[in-house]
Amino acid sequence: HQGAVSAVKFLPSGGQAISTGDGGNVFLWDLINKKRLYQFIGHKAKVVDIAISNDEKLLATASWDGSIRLWDLEMKKLLQTFQLESTSVNGVLISRDNKTIDSGGFDGKIRTWDVNTGYIKKIVYEQLWPVNAMRWLPGQKRFVFGSSNGQVSVLNIETNKISKQLIPHEKPVLGLTVSIENNLMASGGNDGVIRVWDTTEWSLKGEFQIFLGPVWALAFTADGK
């Protein structure tokens, strides 16, 4: 990368990874041989989030150029571009059946898109504050998202309603991670606070403060410890 790296995500099989950054770069890496395999070209601005389908067939990338791009990971080609006007996209999720994607961004709207047509199916939630990060929860019927006002919210996609509001951060939420296998979720913010939650009963497992600055990104180890 010839600039800041903004997101990295492993493919479920573990042998490859996707990284994105400034300038619209999207790279596919071979982790075993430590080499770049492919560059997905198309974004015109920083790419800030990555979603990979469970079957590793689809890659979705969210960018400050106002677009979400959907790629065929096997054929290495662009399948669909979902374009918004005058707003950046900060988060993206692919549904379990690969038929829809959800996005959130600067305008505070969470949208569901039809993968086949490229059009918006519905706006599932709307708020005044930008959405900064989104992650699926176990079962993929709910996802957690973090906002610029510090809120950490759980959205039920079957009812399109907030089912849980967690302890808010004092500053924008920048990082979220979920351990599906261990029923854990962690949030990190510009306030330097990290909170870890049990997603079954939403009990607070732990909280600690990083005094040196913002928490940009988080990841659980495989054992959840």
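1. Let me start at the C-terminal end of the numbering I looked at: strands 17, 18, 19 and 20 line up in that order as an open, antiparallel sheet of four. Strand 17 and strand 20 (203-209) are the edges, each pairing on one side only. From one strand to the next the twist averages 15 degrees. Keep in mind throughout that this is a predicted model.

2. Inside that sheet, strand 18 pairs on both flanks. With strand 17 the pairing is antiparallel over six bridges, and one of the matched pairs is Leu-176 with Ser-187 of strand 18. With strand 19 (residues 193-198) the pairing is again antiparallel, over five bridges; here Leu-184 sits opposite Asp-198.

3. Which way do the residues of strand 18 point, and are they buried or exposed? Leu-184, Ala-186 and Gly-188 face one way, Met-185, Ser-187 and Gly-189 face the other, and every one of them is buried. That makes six buried residues out of six for this strand. The alternation itself is no surprise, because side chains in a regular strand alternate between the two faces of the sheet. What I'd point out is that neither face of strand 18 has an exposed residue, as all six are buried.

4. Now the turns on either side of strand 18. The hairpin of strands 17 and 18 has four residues between the strands, and Asn-183 in it takes a positive phi near 55 degrees. The hairpin of strands 18 and 19 has three residues between the strands, with Gly-192 at a positive phi near 80 degrees.

5. Gly-192 is a glycine, but Asn-183 has its positive phi without being one. Most residues other than glycine have a negative phi, so it is worth a look at the backbone there. Asn-183 lies in the loop from strand 17 (173-179) to strand 18 (184-189), and its relative accessible area of 28% makes it partly exposed. Asn-160 is another non-glycine with a positive phi, of about 60 degrees. Its place is the loop between strand 15 (152-156) and strand 16 (161-165), and at 25% relative accessibility Asn-160 also counts as partly exposed.

6. On to the pockets. The largest pocket holds about 1,700 Å³ of space. It is lined by 50 residues, and those closest to its centre are Val-8, Lys-9, Ile-50, Arg-135 and Leu-176. Strand 1 (5-10), strand 5 (47-52), strand 9 (89-94), strand 13 (131-136) and strand 17 are the elements that give two or more residues to the lining. Strand 17 has the largest share, seven residues. So an edge strand of the open sheet in point 1 turns up here as well. By class, the lining divides into 30 nonpolar, 15 polar and five charged residues.

7. The second largest pocket has a volume of about 260 Å³. Its lining has 16 residues, with Ser-95, Thr-100, Trp-136, Gln-140 and Ile-157 closest to the centre. Strand 10 (100-105) and strand 12 (120-126) each supply at least two of the lining residues. The make-up here is three nonpolar, six polar and seven charged.

8. How many salt bridges does the structure hold? Four. One of them joins Arg-135 to Asp-49, with the closest N and O atoms 3.5 Å apart. Since Arg-135 is in strand 13 and Asp-49 in strand 5, the pair ties together parts that are 86 residues apart in sequence. Arg-135 is partly exposed at 22% relative accessible area, while Asp-49 is buried at 4%. Arg-135 is also among the residues closest to the centre of the largest pocket.

9. A second salt bridge worth checking is Arg-195 with Glu-207, at 3.0 Å from N to O. This one belongs to the C-terminal sheet, with Arg-195 in strand 19 and Glu-207 in strand 20, twelve residues apart. Arg-195 counts as buried at 7% relative accessibility, whereas Glu-207, at 45%, counts as partly exposed.

10. Finally, Arg-111 and Asp-107 form a salt bridge with their closest N and O atoms 2.7 Å apart. Arg-111 is buried, with a relative accessible area of 7%, and Asp-107 is partly exposed at 25%.

How values were computed
Residues are numbered from 1 along each chain as its sequence is written. This is a predicted model: local features need pLDDT of at least 70, side-chain atom pairs count only at pLDDT 80 or more; totals for chains, interfaces and linings use all residues. Side-chain values use heavy atoms; hydrogens and water are left out. Buried means under 20% relative accessible area, exposed over 50%, partly exposed in between (1.4 Å probe, protein chains only). Two strands pair if DSSP finds at least two bridges between them. On a 1 Å grid over the protein atoms alone, a cavity is a set of points where a 1.4 Å probe fits but cannot get out, and a pocket is an open set with protein on both sides within 12 Å along at least five of seven lines; lining residues have an atom within 4 Å of a point. Grid points are joined across faces, edges and corners, and a volume is the space filled by probe spheres set on the points. Ala, Val, Leu, Ile, Met, Phe, Trp, Tyr, Cys and Pro count as nonpolar, Asp, Glu, Lys and Arg as charged, and the others, Gly among them, as polar. Axes are lines fitted to C-alpha atoms, for helices over the stretch in contact, and angles run from 0 to 180 degrees between N-to-C directions. A salt bridge is a side-chain nitrogen of Lys or Arg within 4 Å of a carboxyl oxygen of Asp or Glu.
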